[in-house]
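Here are a few notes to read alongside the picture. Have a look first, then come back to the points.

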Amino acid sequence: MDTRRSPTRPLGILPLALLLALAAAPAAAGSLGEALGAALERSGELARPQAITGERDALARQAASPFAADPALRLSYLSDRTTEDAGAYEVETMVDMPLWLPGQRDARRRVAVAVGAQAGSLDRRLRWEIAGEVREKSWAAAIAAGRRRQAEQALADARALEAAIDKRVGAGELARVDLLVARQQTIEREAELRDARLGHDRALADYRQLTGLQTLPEPLRETPASADALPADHPLLEDADSALALARAEREQAQRERRGNPVLSVGGKRAREVRGADTADSLQLEISLPFGLASQSAPALARAERGYTERATDLQRARLAAERTLIAAQLAREGAATALTVAERRHALAQQALQLGRRAFDLGERDLTDLLRTQASARAASLDLALRRLELGRAQARFNQALGVIPQ
């Protein structure tokens, strides 16, 4: 009786809603840059730079206004109707127009420019961060696929060995216990394949949930960047530097606005002393000049100085973090290359040993236990080689990520 069973895949692992969403996803991802674009679209993060651009436009319009603040209309009416009722009254109408302080308008323009620069740097940083997620999810799925391929090959080898042993048992060359051992090995390989398929399905589901795409980018392996030092336009540093530039512009604005704006008031007055007398019309001009006490402007100045200091600290912290990440990625890439070299040598030796072991088993010079042990060693070497190749590709992608490379 043949105890072999075709491997089954559990169907209740993924939620139904996710399965339906994945089934409706596009068929192909295209390049890594296209996968990044799809992930960005699903994330909704691009709305943040657009909102900052709207803030920049509003600040620019404010700086272009002829008034430093909102003008106001003042109305005043005086009458003796409730007292002497002699017909006297006075009507006054004034328009208050806040005026720009020297350099205040230019300071606000510079704030608008800094906000606009922050929108651009935030856009690059978001793309870079999402690129890191796409890289990680893609390579996790690729490595899981590699494990699955190795498990499929191991199962195919186990079934081939079981079939060969079955023939030799039928011919009386081997004992039936050897066939039972071979079938047990086949069942173990089937279990390993089920686990590998489950891991691959989960990793691929994570990638599809991030990008909305069905297949991994092609090609996935990236050319390592030639630079080995942190670039000045690294998205993380550029974003922190733009935040520092904005804090600098806001500090300058606070310094320019350390006292209130002068207010020019223009209007007219109509007055009559008694009923029947002629009315008198007059033009009025007023100006108010705030004193600009240091005690009143000190909190705003201190707040702006604190913001600048914090942004400068954030920039230095971001630089140190990016340098640490780059050093770690560079060492990991070198380690992955060395590990691949070792894995290639181990695989070559394991394949030679497997060929000799099979020949000896066919000739009856070695028993099945020795062959299975040799086969397990060769299988482990093959899996290690496949994974080391994939891990080198992932290490190269992580190195590019650490350098701030954004896929196009």
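The points below go through salt bridges, a surface patch and one asparagine.

1. Keep in mind that this is a predicted model. A search of the whole structure turns up 32 salt bridges, and a few of them are picked out here.

2. Start with lysine 269 and glutamate 90, whose closest N and O atoms are 3.9 Å apart. That pair links distant parts of the chain, strand β3 and strand β2, 179 residues apart. Lysine 269 is partly exposed at 24% relative accessible area, and glutamate 90 is partly exposed at 25%.

3. Strand β3 also holds arginine 270, and aspartate 281 lies in strand β4, so their pairing ties together parts eleven residues apart in sequence. The closest N and O atoms in this salt bridge are 2.7 Å apart. Aspartate 281 is exposed at 52%, while arginine 270 is partly exposed at 41%.

4. Among the helices, arginine 346 meets aspartate 384 in a salt bridge at 3.8 Å, N to O. Because arginine 346 sits in helix α7 and aspartate 384 in helix α8, the pair ties together parts 38 residues apart in sequence. Arginine 346 is partly exposed at 39%, but aspartate 384 counts as buried at 19%.

5. There's a network too: salt bridges link Arg306, Glu310, Arg311, Asp314 and Arg317.

6. On the surface, Leu73, Leu75 and Val95 make a nonpolar patch of about 300 Å². Valine 95 belongs to strand β2 and is partly exposed at 33%.

7. Is asparagine 400 buried or exposed? It's buried, at 2% relative accessibility, and it lies in helix α8. A polar atom of its side chain is 3.1 Å from the backbone oxygen of threonine 223.

Key
Residues numbered from 1 in each chain as written. Predicted model: local features only at pLDDT ≥ 70, side-chain atom pairs only at ≥ 80, totals over all residues. Heavy atoms only, no water. Helix = DSSP H or I, 4+ residues; strand = E, 2+ residues; numbered from the N terminus. Buried < 20%, exposed > 50% of the residue type's maximum accessible area, 1.4 Å probe, protein only. Polar contact = N/O pair within 3.5 Å; in protein donor to acceptor, adjacent residues only side chain to side chain. Patch = residues over 30% accessible without salt bridge, like charges linked within 9 Å, V, L, I, M, F, W, Y side chains within 5 Å. Areas by Shrake-Rupley, 256 points an atom, 1.4 Å probe, with all protein chains shown as cover. Salt bridge = Lys/Arg side-chain N within 4 Å of Asp/Glu carboxyl O.
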